[in-house]
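Here's a quick walk through this one for anyone about to open it in a viewer. Have the strands and the ligand on screen as you read.

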Amino acid sequence: TGKEQIAIIGSGLIGQSWAMIFAGGGYRVTIYDILPEQVSKALETVKSNLTKYETQGCLRGSLSAQQQIGLISGSSSLEQCLQAASYVQECVPELVDLKRKVFQQIDPFITEHMVVATSSSCIGVSQFAGDLKNRHRTLVAHPVNPPYFIPLVEIVPGPWTLPEVTAKTRTLLEAVGQSPVTLSREVPGFALNRIQYSIINECWNMYKDGLLSAKDIDKVMVDGLGPRYAFIGPLETMHLNADGNTVNLVDYCQRYAQGAYNVTSTFIPPPILYDVPTAEDILKEVQETIPLEKITERRVWRDERLAALAALKKQL
Ligand code: NAD
């Protein structure tokens with residue numbers, strides 16, 4: 001294809017997912033890893049996954065699995081992997097010193113049209129890319145596991161990232177079928193984990209208070225808020241409102257803000273430290289349905305459910 005080339009640095013779980021996502025969009029992908037045998041392993045896994053997804057009807061994009069596999073190659077040289085690439089997705093382990101080292105190695109090969117994104121879950125580029133000559137072409141593009149079936153990507157520019165770099169990343173990720181959001185600046189936890197922790201905090205506090213069992217707390221999400229949130233977010237929820245008593249979001253606030261204020265006045269203020277005794281109590285209950293020996297099976301089940309939901313959302 002005449003499309004731009006993608007370089008993937010680090011070929012573990014996330015590197016493999018990105019390779020499949022970009023190939024699904026018709027892009028040529030080269031995978032590099034510090035361990036050459038890991039590159040071969042990654043290529044094998046990607047090949048078998050794409051073939052499986054095709055059989056299951058959940059392959060992304062318009063090309064066949066065979067065509068997509070043909071777009072992905074491996075390299076045992078970082079320099080060769082970066083050659084001709086216009087977008088680099090770094091996927092090495094989440095260690096700030098390692099990220100710094102890898103970005104220093106990439107820096108001399110960054111051209112004026114290249115974007116270098118880190119998959120980092122927590123570490124912003126301000127923590128390790130400040131000394132680079134080309135720091136203005138770096139940013140975070142944080143996927144959510146499993147990225148092949150969960151489309152969100154958090155784009156987090158560093159203090160020096162050029163707006164055009166942020167914009168190009170967003171356009172590319174949209175082109176390959178991901179669903180990017182752009183933060184205006186780095187904050188701890190980006191957006192997803194900030195929201196996630198505020199949910200876990202309240203679950204934790206309700207459990208400690210003996211208000212509901214762990215199973216029932218999870219049920220509130222799975223059978224209550226979750227189905228709604230798969231299609232509309234909390235802000236649109238306020239706008240639509242359930243009972244038709246309100247016309248729009250402002251009206252909703254006028255009517256219910258005091259109620260929400262009263263409820264949230266009873267919250268235990270953060271920060272909350274998740275303590276081991278409580279964790280052990282929750283574990284006891286969770287293990288009744290998911291004992292240790294069933295965790296792997298349950299993870300496979302989770303990914304299958306997410307794949308089915310992704311397919312359903314495409315049909316609707
Ligand atoms: P992983 O351990 O599965 O893979 C990391 C790969 O990087 C390994 O293959 C390793 O050999 C390779 N590597 C190590 N040092 C390297 C170097 N100097 N140069 C090139 N390759 C090197 O890790 P992962 O789960 O794929 O995570 C990668 C990144 O993605 C992390 O920053 C992580 O926080 C982020 N992330 C992970 C998840 C998740 O759920 N696993 C989700 C979102 C983001």
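Let's start at strand β7, residues 152-157, which is mostly covered, with 5 of its 6 residues buried. Keep in mind that this is a predicted model. From β7 we'll look at its partners, then the whole sheet, the core and the ligand.

**Around β7**
- On one side, β7 runs antiparallel to β6, and 5 bridges join the two.
- If you want a landmark for that pairing, Pro143 sits opposite Val153 of β7.
- With β8, β7 pairs in the parallel sense, over 4 bridges.
- Here the landmark is Leu152, which stands opposite Ser179 in β8.

**The whole sheet**
- Zoom out and you get an open sheet of 8 strands with mixed pairing, in the order β3-β2-β1-β4-β5-β6-β7-β8.
- Its edges are β3 (72-75) and β8 (179-182), each of which pairs on one side only.
- On average, neighbouring strands in this sheet are turned by 25 degrees against each other, ignoring direction.
- β4 (residues 85-90) and β5 (residues 115-118) are a parallel pair with 4 bridges, and Glu90 faces Thr118 of β5.

**The β3 edge**
- β3 pairs in the parallel sense with β2 (residues 28-32), over 4 bridges.
- Across that pairing, Tyr32 stands opposite Ser75 in β3.
- Side chains alternate along β3: Ile72 and Gly74 are buried and point to one face, whereas Ser73 and Ser75 point to the other and are not buried.

**The nonpolar core**
- The largest nonpolar core has 54 residues, and the ones touching the most other members are Ala7, Ile8, Ala19, Val29 and Val88.
- Helix α1 gives the most to this core, with 7 residues.
- Which residues does Ala19 contact, leaving aside its neighbours within four places in sequence? They are Ile8, Val29, Ile31, Val46 and Ile72.
- One of those contacts takes you back to the edge strand: Ile72 is among the buried residues of β3.

**The ligand shell**
- There are 23 residues around the ligand, and Gly10, Gly12, Ile14, Glu94 and Asn145 are the closest.
- By class, the shell has 11 nonpolar, 10 polar and 2 charged residues.
- α1 (13-24), α5 (96-106) and β6 (138-143) each supply at least two shell residues.
- α1 gives the most to the shell, with 3 residues, and α1 is also the element that gives the most to the largest nonpolar core.

Conventions. Residues numbered from 1 in each chain as written. Predicted model: local features only at pLDDT ≥ 70, side-chain atom pairs only at ≥ 80, totals over all residues. Near = placed C-beta within 6 Å. Nonpolar A, V, L, I, M, F, W, Y, C, P; charged D, E, K, R; others polar. Pairing = 2+ DSSP bridges. Axes fitted to C-alpha atoms, helices over the stretch in contact; angles between N-to-C directions. Core = buried A, V, L, I, M, F, W, Y, C linked by C-beta atoms within 7 Å. Buried ≥ 20, exposed ≤ 12 C-beta atoms within 10 Å, placed from the backbone. Contact = placed C-beta atoms within 7 Å.
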